[in-house]
Every structure is written in C-alpha cells, then in structure tokens.
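This report describes a protein chain through its secondary structure, its strand pairing and its buried interior. The account begins with one strand and its neighbours and then moves to the chain as a whole.

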Amino acid sequence: MSKNPVHVIGGGLAGSEAAWQIAEAGVPVVLHEMRPVRGTDAHKTDGLAELVCSNSFRSDDAAANAVGLLHAEMRLAGSLIMSAGDANQVPAGGALAVDRDGFSDAVTAKIEAHPLITIQREEVPGLPPAEWDQAIIATGPLTAPSLAQSIAEATGADALAFFDAIAPIVHFDTIDMNICWFQSRYDKVGPGGTGKDYINCPMDKDQYFAFVTALLEGQKTEFKEWEGTPYFDGCLPIEVMAERGVETLRYGPMKPMGLTNVHNPSVKAYAVVQLRQDNALGTLYNMVGFQTKLKHAEQVRIFRTIPGLENADFARLGGLHRNTYINSPTLLDPSLQLKSRPGLRFAGQITGCEGYVESAAIGLLAGRFATAERLGQALSLPPSTTAFGALLNHITGGHIVSDDEPGKRSFQPMNVNFGLFPPVEAPKVEGKRLRGKDKTVAKRHAITSRALADCRVWLGLPTRAEAAE
C-alpha cells in the first residue's frame, strides 16, 4: 500500500488541521508554508495557524449555536485546532476566545513534533507538480499572486475571485409574509422559475427617504491599505449607490416596476427591496443588490427598518473585502477535489467559507478525504444533517445559481449557520404550544441533537448512550 506523502500547501488553520488529520491516520505529510521566505500584508509572525484578525472562535454553545455545534463535531473528530484553542482559552463569556500567540505556538509545536509531518518553508509558485498525486491547497484569502494566477489559468478566468461583494442573507422564517409577498418582476418566469421567485418588501415614499438617509449616515468600515478600493459597477455597495443621488436606488435594485402588492393591490410601492432564494433548501434568502461596507451593527439596525424585516435574523451580514476564493460549486466535487484534476483538493477560506473554525473544519474534511484515497479506503462524506455536512454542501453545491444576472457570481462565502441544515420540526411539548423564541430554541436543539448523533455514527464513535454504559 502506497505511503507516499500527501502535500499540503499553506500552514494556516485549514492547512495545519489537514496535515494533522492525515498524519494521525498514519500517512506522511509535507506541509509547505511560504512564511518567512515570503510574507503577507496581514501576517506578523512565522507561526503556523496565526490568527490575523479576531482572537475569537465565536460561540461555544453546541446546543443552540451552529458554530458551537461545529466546535463539538471537530472535537469528536480529534481536531488539532480545537484542542489548541481549548488549551489556550481566555475569558470571553459563552464564546471560545484564545491567546493568539499561545494558540499559534501550540499548533506549531504539535506539527513540528509529529514524526510523520515535514515542514518545508518555501513558496509553491504554481499548481502542485503531477508527482504530488495527493495534494491540498489551503492558502487562504492571501494566496500568493503566482499561485493564484496558476489557479486562475487552470480553472478559468471567472473561477477565482479576489474580492467579496457580499449581500446580507436572511433566515426565511423570520420574514413577515403578512407584509411581504412572492413575485418576480412582471411575473417573469426564468429558467427553473415560477414567476414568484422573489420576496418583495414594499416601501412608501417616507420610508424610502428615511432609509436612504440612514444608509448615508450609517457608520462604514474602511478598506485596509493593502486591499485597495475594488469598486466596480457590478457590485457597488448599496450606500455608494445612495451617494449618487437620492433616487438612484429606486431606479436600481429597489425599483418597484412590474410588482403588485398582493396585500394591497391598489397601492403602488414607491420602492421595493427584493430577496432571492439563496440555497436549495429554501431556508435562506439574500437581499438583492445589498452588498455593503456598513458596519455589522449598523446593517442590523438599518435593514430592520425595511417593512417585513423588522424581526429579521441574519445568517450573514454584508461586506466587501479582499478574499481570494474559487467558484467551488462549479470546480469541486463533493470531496473537495478539483473535478479537472483528481487528487488535488482545496481547503479553508479559498473554497468559499468564512471564519477560523469553518476554515479549519474544511481542512479537517479535506485531510480525511485525502487520507482515505491514499490508504485505498472508500470515501465517506459527512451526513448533510451534521455541521460538517451542511458546510460542505454549501461549498460544493447547495446554493442557487442566479439566472437573471448573467456573469454575476452567485456563490459567496458564508459562515456555518442553521439555514444550511435540513429543517426539522420543533418537538411538541404536551399541553404547551411553542411560539416565537421558544419555538426557535426548540428547533435549534433538535438540529444539534440530530447532528451530534449523526456525526458520531459517521466517525464510528459510540453513541452517547453507549459511551455512558
């Protein structure tokens, strides 16, 4: 049986996790990390898994939070990133935050000490050579230009994005359909459509002008010096459009033409905010044309003034920033393998996920998939009911392709969230009808209980009941 090494390019969270999973399964690894030979504008050290932004892994609540659930699944899978995070935790309430230097030092020490991992401090300037028959690219949002160019040439000019232009995404069940309605503009039926493919939120004149004022006055984030200002007309931030004139939005993404409010057909809306289905499950809807540089708290405050979105729960908030990532649903198979080149996988943020933990989780999966192939074992994909499976499905094909915006990339990076999971019914409580927040919490507990049970089965671990015996 072949024990040639698996090559992992990139020593961030995803690459370190992938290398660890492979080596722990008994397969040798060569981990290629370009620092310090070549630095980046964001990294400050040469350590593996350096945290370049926040030191928080976000909520650690595995019962009611999707990222907390992902933490739990990663711990079950023997994650190096989670064990190093747990060992270097600092106080942060219900979140898992870490001492960033201690965390990176712990990951680096574990990787350096593993007898099956060789670290090569060098830049890999292009795609892995053919003799690296099993390789993982985990180079993150700051992929070196030469490698990024090689990826672009191998996958197609429109397959690699260098900036996110992200619109907010809303959980469908938090949209007030007593105010909003389903309708495509002029009832147009596009490919795979029904003529009722958008959720429409109507505004009268006063509401519209108040909304534009709020956009103009809202606090914005600034581009980092090395990011530049990547505005182009296809993805202008909503507030930049508003700056071009008070009527600009209602002749752009908020135009009311071709729409009739089913709740009040005789009154024409002055402007309309449209939301389009974002995932195949129909649990998430994105706000069309609402990419933004507003700060997150401002987005929540301002967008909840939109009629029908007063109680909106956002699965993702908008943004525009540097982030090299590939069009994964088109390019990758369900095991994160490049369809055009067997044996070459991608992992981490470059695949189109957001967040430290999500990046590490995809590294974990890529490492396990590469290990199975190297050992001649059957590939086993995580169930879609798990956080692993939900995130993997988003990356490899769970989104909806936009037919009415030719040339626009419909796939955008996202954090793990409950909208990516197959729905469940809230458990019934005898003598009590669950409503509002109680119903939401019950649903989340049902999702997480199902996920952890299914994850244990997938990993070949004993169930909780078996473990307790």
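## Strand 11 and its two faces

In this predicted model, the side chains of strand 11 fall into two sets: Tyr198, Asn200 and Pro202 point one way, Ile199, Cys201 and Met203 point the other way, and all are buried. In a regular strand, side chains alternate between the two faces of the sheet. Strand 11 covers residues 198–203, and because six of its six residues are buried, the strand is largely enclosed by the rest of the structure.

## Partners of strand 11

Strand 11 has an antiparallel pairing with strand 10 (residues 181–182), made over two bridges. Here Trp181 stands opposite Asn200 of strand 11. Strand 11 also pairs with strand 12 (residues 271–277), again in the antiparallel sense and over six bridges. Within that pairing Ile199 is placed opposite Leu275 of strand 12, and Cys201 has Val273 as its bridge partner in strand 12.

Strand 12 is itself mostly covered, with six of its seven residues buried. Strand 12 runs antiparallel to strand 13 (residues 284–287), to which three bridges join it; Gln277 has Tyr285 of strand 13 as its bridge partner. The hairpin of strand 12 and strand 13 has six residues between the strands, and in this hairpin Gly282 adopts a positive phi near 75 degrees.

## The parallel sheet

Elsewhere, five strands make up an open sheet with parallel pairing, in the order 6-2-1-7-16. The edges are occupied by strand 6 (117–121) and strand 16 (344–346); each has a single partner strand, so one side of each lacks a neighbour in the sheet. From one strand to the next the twist averages 20 degrees.

Within this sheet, strand 1 (residues 6–9) and strand 7 (residues 135–137) are paired in the parallel sense over three bridges. Val8 stands opposite Ile136 of strand 7.

## The annotated binding site

An unreviewed UniProt entry places the feature "binding site" at Gly10, Gly11, Gly12, Leu13, Ala14 and Gly15. Of these positions, Ala14 lies in helix 1 (residues 13–24), and Gly15 lies in helix 1 as well.

Which residues surround Ala14, apart from those up to four places away in sequence? Ala14 touches Ala138, Ala347, Gly348, Ser359, Ala360 and Gly363. Ala14 is classed as buried because its relative accessible area of 6% falls under the 20% cut-off. Gly15, at 0% relative accessibility, also counts as buried. With the same sequence neighbours set aside, the contacts of Gly15 are Val8, Gly10, Leu31 and Ala138.

## Nonpolar cores

The largest nonpolar core comprises 84 residues, and Phe57, Phe103 and Phe388 have the most contacts inside it. Helix 10 (residues 356–374) gives the most to this core, contributing 10 residues. A second, separate core contains 34 residues, among them Val170, Tyr208, Leu236 and Leu309.

Residues up to four places away in sequence aside, Phe57 touches Leu13, Leu51, Val67, His71, Ile81, Met82, Gly85, Leu96, Val98, Phe103, Tyr356 and Val357. One of these contacts, Leu13, is also among the positions annotated as "binding site" in the UniProt record.

## The C-terminal helices

Thr463 is located in the loop between helix 12 (436–459) and helix 13 (464–468). Is Thr463 buried, exposed or partly exposed? Its relative accessibility is 30%, so Thr463 counts as partly exposed. Thr463 and Leu452 are 11 residues apart along the chain, and their C-alpha atoms are separated by 9.1 Å.

## The chain as a whole

The chain contains 13 helices and 16 strands. Of its 469 residues, 54% are buried. The chain exposes about 20,100 Å², of which carbon and sulfur atoms supply 52%.

Among contacts between residues at least 6 apart in sequence, 70% join residues at least 24 apart.

Note on methods
Residues are numbered from 1 along each chain as its sequence is written. This is a predicted model: local features need pLDDT of at least 70, side-chain atom pairs count only at pLDDT 80 or more; totals for chains, interfaces and linings use all residues. Side-chain values use heavy atoms; hydrogens and water are left out. A nonpolar core is a set of buried Ala, Val, Leu, Ile, Met, Phe, Trp, Tyr and Cys residues joined through side-chain atoms within 4.5 Å. Buried means under 20% relative accessible area, exposed over 50%, partly exposed in between (1.4 Å probe, protein chains only). Helices (H or I, at least four residues) and strands (E, at least two) are DSSP runs, numbered from the N terminus. Contact means heavy atoms within 4.5 Å. UniProt positions are given in the numbering used here, feature names are shortened, and annotations may be inferred rather than shown by experiment. Two strands pair if DSSP finds at least two bridges between them. Axes are lines fitted to C-alpha atoms, for helices over the stretch in contact, and angles run from 0 to 180 degrees between N-to-C directions. Accessible areas come from the Shrake-Rupley method with a 1.4 Å probe; for residues, only the protein chains shown count as cover.
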